[in-house]
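The following exercises are intended for work with a sequence and its model side by side. Each task is followed by a solution in steps.

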Amino acid sequence: MAFCKQITNLKCCGSAFKIVDVYRHLHISSVFQGSVASWRIKQKLPAKGREYGPLTDLPDWSYADGRPAPLSEANKRKIKQNREYLDQIIKLTKEVDKCHELNQQKAASEEEIRKKAIENRLKSKGKALS
């Protein structure tokens, strides 16, 4: 629980003013904050209000003639972060594709070895008796 000293109140006592300190008890529950986040997620909103959405994604202003405003530092940082995510996604996707291709090649070579083993099994000698 946090204590916060409020601006002192003035009480009139006869002809003189008396200064009285007033303390207000503030308590913010983490349970309440968690419930707000879970409610926002259930409503398909970001857990925190500043993660994404029109207030963070759209520019703050634009010119009267319709030209877009220059990018803010936050927008530049967000674009850079998204490019890094994109590069990482592409790199990891290529790795997955390469592993999938190697796995198919390995399965094909094992199938080839199995077929050769079946062909090279013992065979009967001579002519078959009829």
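The exercises below concern a predicted model and treat its fold, an aromatic pair, a loop residue and a pocket.

**Exercise 1. Establish how many helices and strands the protein chain has, and in which order the elements run.**

Solution. Begin with the count: the protein chain contains three helices and four strands. Next, read from the N terminus, where the order is β-β-β-β-α-α-α. Finally, consider burial: of the 130 residues in the protein chain, 3% are buried.

**Exercise 2. Determine what share of residues 92-119 is helix, and which annotation covers them.**

Solution. Start from the record: an unreviewed UniProt entry annotates residues 92-119 as "coiled-coil region". Then turn to the model, in which this span is 100% helix and 0% strand. The C-alpha atoms at its two ends are 41 Å apart. Helix 3 itself covers 73-119.

**Exercise 3. Classify the geometry of the one aromatic pair in the structure, and describe the surroundings of its rings.**

Solution. The structure holds one aromatic pair. The ring centres of Trp-61 and Tyr-63 are 5.1 Å apart and the ring planes stand at 85°; since planes over 60 degrees apart count as edge-to-face, the pair belongs to that class. For accessibility, the partly exposed class lies between 20% and 50%. Trp-61, at 44% relative accessibility, therefore counts as partly exposed. Tyr-63 has a relative accessible area of 34% and is therefore partly exposed. As a last step, look for a charge at the ring of Tyr-63: Arg-67 lies over its face, 4.1 Å from the ring centre.

**Exercise 4. Decide whether Lys-44 is buried or exposed, and describe its backbone.**

Solution. Locate the residue first: Lys-44 is in the loop between helix 1 (30-42) and helix 2. Its relative accessibility is 74%, and because exposed means over 50%, Lys-44 counts as exposed. As for the backbone, phi of Lys-44 is near 60°, a positive value in a residue other than glycine.

**Exercise 5. Characterise the lining of the largest pocket.**

Solution. First, take the volume, which is about 330 Å³ for the largest pocket. Second, identify the lining: 19 residues contribute, and those nearest the pocket centre are Thr-56, Ser-72, Ala-74, Asn-75 and Lys-78. Third, assign elements: helix 2 (54-57) and helix 3 (73-119) each provide at least two lining residues. Helix 3 gives the largest share, seven residues. Fourth, sort the lining by class, which yields nine nonpolar, five polar and five charged residues.

Terms used
Residues are numbered from 1 along each chain as its sequence is written. This is a predicted model: local features need pLDDT of at least 70, side-chain atom pairs count only at pLDDT 80 or more; totals for chains, interfaces and linings use all residues. Side-chain values use heavy atoms; hydrogens and water are left out. On a 1 Å grid over the protein atoms alone, a cavity is a set of points where a 1.4 Å probe fits but cannot get out, and a pocket is an open set with protein on both sides within 12 Å along at least five of seven lines; lining residues have an atom within 4 Å of a point. Grid points are joined across faces, edges and corners, and a volume is the space filled by probe spheres set on the points. Ala, Val, Leu, Ile, Met, Phe, Trp, Tyr, Cys and Pro count as nonpolar, Asp, Glu, Lys and Arg as charged, and the others, Gly among them, as polar. Rings of Phe, Tyr and Trp (its six-membered ring) pair if their centres lie within 6.5 Å; planes under 30 degrees apart count as stacked, over 60 as edge-to-face and the rest as tilted. Buried means under 20% relative accessible area, exposed over 50%, partly exposed in between (1.4 Å probe, protein chains only). A charge sits over a ring if NZ of Lys or CZ of Arg is within 6 Å of the ring centre and within 35 degrees of the ring normal. UniProt positions are given in the numbering used here, feature names are shortened, and annotations may be inferred rather than shown by experiment.
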